[in-house]
Structures are given as structure tokens and as C-alpha cells.
Amino acid sequence: MALIKCPECSKEVSDKAEVCPTCAFPLMKHLDSQVREEVKVKDHQAVPLKEPEMPEQQSKVRSGRNGLGLVLVGILVLLGVALFGIMHERESGKKMSTAELLTQAKTEIENRLSSGDTDQVKTLLECIPSDAPEYKEAQVLLGRIDKRQKEIQTQLTKSKDGAVGVQLTPVGKRVHQEHPDWSEEDCNTIGRKKIRVGMTTEQVRTAWGKPYRVNRTSTASGVNEQWVMREDASTCVYFDDGVCTTIQNQH
């Protein structure tokens, strides 16, 4: 037990007494309120007060936030433009219709089929989807390409097997230099201005020149051509998918 002074009469009293025995001052309530005030003061001192931002600092913060917002908006705009460009390119690719692909392939195949250089044409035809109206015709053209490639491979094999003993004539040598994929035998035949069944349209054109007239028939199985070599139609050459099948000569 300790002695304290009464705030009212300044007499010494016990710190356990609820009231002052001399003046009846409520000591216990006074002590409780004093303790609470001390706790509030300590709590107030423990929490640091945030310094108010100066107007200049607030302006910098706002400008920084505004600049960041503009950057984000710019990035979003650029992403939107890029996405629109990608979608537009895809749509443009789709708008390159299958009919245009087929037309281009037809043009290329007539120039390349005889030589066998048909990889580009094959790529065009393979781009035509199976649900397109031109798909069936594209498959027919692909069949022609495969058939021609097999024929060229067969010719190359025969050329290698029969290379021994075949001597190129001077004219045949020139033909072979221009067309090294043709057999020596065919080059000699073309050098003599002659043709044979099994030659390609390019080989016949090299030997006899351009036809006077071409009659072409397209079917589901391929393309058939009749080359009228003379104006009087006395000499005709028939082709099936670019390969000579018949030679008609009335003289």
C-alpha cells in the first residue's frame, strides 16, 4: 500500500481508498481517469502523423499518374490497331477466293506440266479446302501432276538404263543442253524434227513448232488436246494430260 496526496485537500491517504476520508473526494475515479489520459497520450505519440503533401508534390503525383494513363491508353490503341490489321489480313487471305487459286493454278500448270516443275502449282491446289466448290477440279489437276511426275521419273529411269551406247548428234546435243532432263534418245529424235508417242507437249512443240490450232476438251479425268499442225488438218497430234497418245498424218 502507498500513500498519495488528495488532489482536493492535499492530505495523505492510501492509494487503495475509494474516497478521501477527510474531504470525501472520489480518489478511485480520479486515478482511473488519470490512467486513461496517460494511455491516450502514449498512443498518440506512438502513431506518427503523416505530413500533408505540398501542392507542388500533389501536382507531380497527378501529372505522373496522368502520364502513365496516357501511355497505357496509347499501348491499348496500338494493340487494337495491330489486332485489326491481323484480322483484316486473315479476312483478305480468305477473300482470295478458291476460284482465283484454281485459275492461277490452271495458268501455271499449262506452262509447267511438261517440264515437271509443278511444285508451286501443287502448293496452290493444296490450299483449296475440301468444302470449296473448286475442290474436285483441284483434285483432278493434282492427279495430272502426279501422273506427269511418274512419267518423268520413268523416262529418267529409262534414260539412265539405256545411256550406254546412245550417242548424241550435234543437234541432239544442243537440245539436251537446253533440256537436260530429256533422254538422249528423245533429244536425237527431236533434233531430226521427229516425234513419238509418249512425248510431252513441250517436246512436240520443240520438234515441230507451234500448232496451227488447238482443240481442247476438259473432263473429270483430265484434259485432252488435239493439235492441228497444218491448216488443211492433214497432220494432227493428240495429247492426254500433256502426253502424246496419237500421231495422225494423212501424207
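What share of the 251 residues in the protein chain is buried? Buried residues make up 27% of them. Keep in mind as you look around that this is a predicted model.

**Figure 1. Welcome to the whole chain, with its eight helices and six strands.** Starting from the N terminus, you meet two elements written β-β, and the full order reads β-β-α-α-α-α-α-α-α-α-β-β-β-β. Contacts also link parts of the chain that lie apart in sequence: among those between residues at least 6 apart, 31% join residues at least 24 apart.

**Figure 2. Here is the largest nonpolar core, a set of 14 residues.** Look for L102, I109, V121, L125, I128 and I145, which have the most contacts inside this core. Three elements give two or more residues to it: α3 (98–112), α4 (119–126) and α5 (135–161). A second, separate core has 13 residues, including C187, I195, M229 and F239.

**Figure 3. This close-up is centred on L102, a residue of helix α3.** Is L102 buried or exposed? Its relative accessible area is 5%, and residues under 20% count as buried, so L102 is buried. Setting aside neighbours within four places in sequence, you can find L125, I128, E134, E137, A138 and L141 in contact with L102. One of these partners, E134, is 32 residues away from L102 in sequence, yet the two C-alpha atoms are 7.1 Å apart in space.

**Figure 4. Now meet V121, another of the residues with the most contacts inside the largest nonpolar core.** Which residues touch V121, once neighbours within four places in sequence are left aside? They are A105, E108, I109, R112 and I145. Two names here may be familiar from Figure 2, since I109 and I145 are also listed among the residues with the most contacts in that core.

**Figure 5. The last view shows helix α6 packing with helix α7.** Helix α6 covers residues 170–178 and helix α7 covers residues 184–191. Their axes are 8 Å apart, and the helices pack at an angle of about 120 degrees. An angle between 115 and 145 degrees falls outside the roughly perpendicular and roughly antiparallel ranges, and α6 and α7 are therefore oblique to each other. The crossing of α6 past α7 is right-handed. On the α6 side, the contact is made by V171, G172, V175 and H176, while α7 brings E184, C187, N188, I190 and G191. Sorted by class, the residues of this contact are four nonpolar, four polar and one charged. C187 is worth a second look, as the second core includes it too.

Key:
Residues are numbered from 1 along each chain as its sequence is written. This is a predicted model: local features need pLDDT of at least 70, side-chain atom pairs count only at pLDDT 80 or more; totals for chains, interfaces and linings use all residues. Side-chain values use heavy atoms; hydrogens and water are left out. Axes are lines fitted to C-alpha atoms, for helices over the stretch in contact, and angles run from 0 to 180 degrees between N-to-C directions. Helices (H or I, at least four residues) and strands (E, at least two) are DSSP runs, numbered from the N terminus. Angles under 35 degrees count as roughly parallel, over 145 as roughly antiparallel, 65 to 115 as roughly perpendicular and the rest as oblique. A crossing is left-handed if the near helix is turned anticlockwise from the far one by less than a right angle, and right-handed if clockwise. Contact means heavy atoms within 4.5 Å. Ala, Val, Leu, Ile, Met, Phe, Trp, Tyr, Cys and Pro count as nonpolar, Asp, Glu, Lys and Arg as charged, and the others, Gly among them, as polar. A nonpolar core is a set of buried Ala, Val, Leu, Ile, Met, Phe, Trp, Tyr and Cys residues joined through side-chain atoms within 4.5 Å. Buried means under 20% relative accessible area, exposed over 50%, partly exposed in between (1.4 Å probe, protein chains only).
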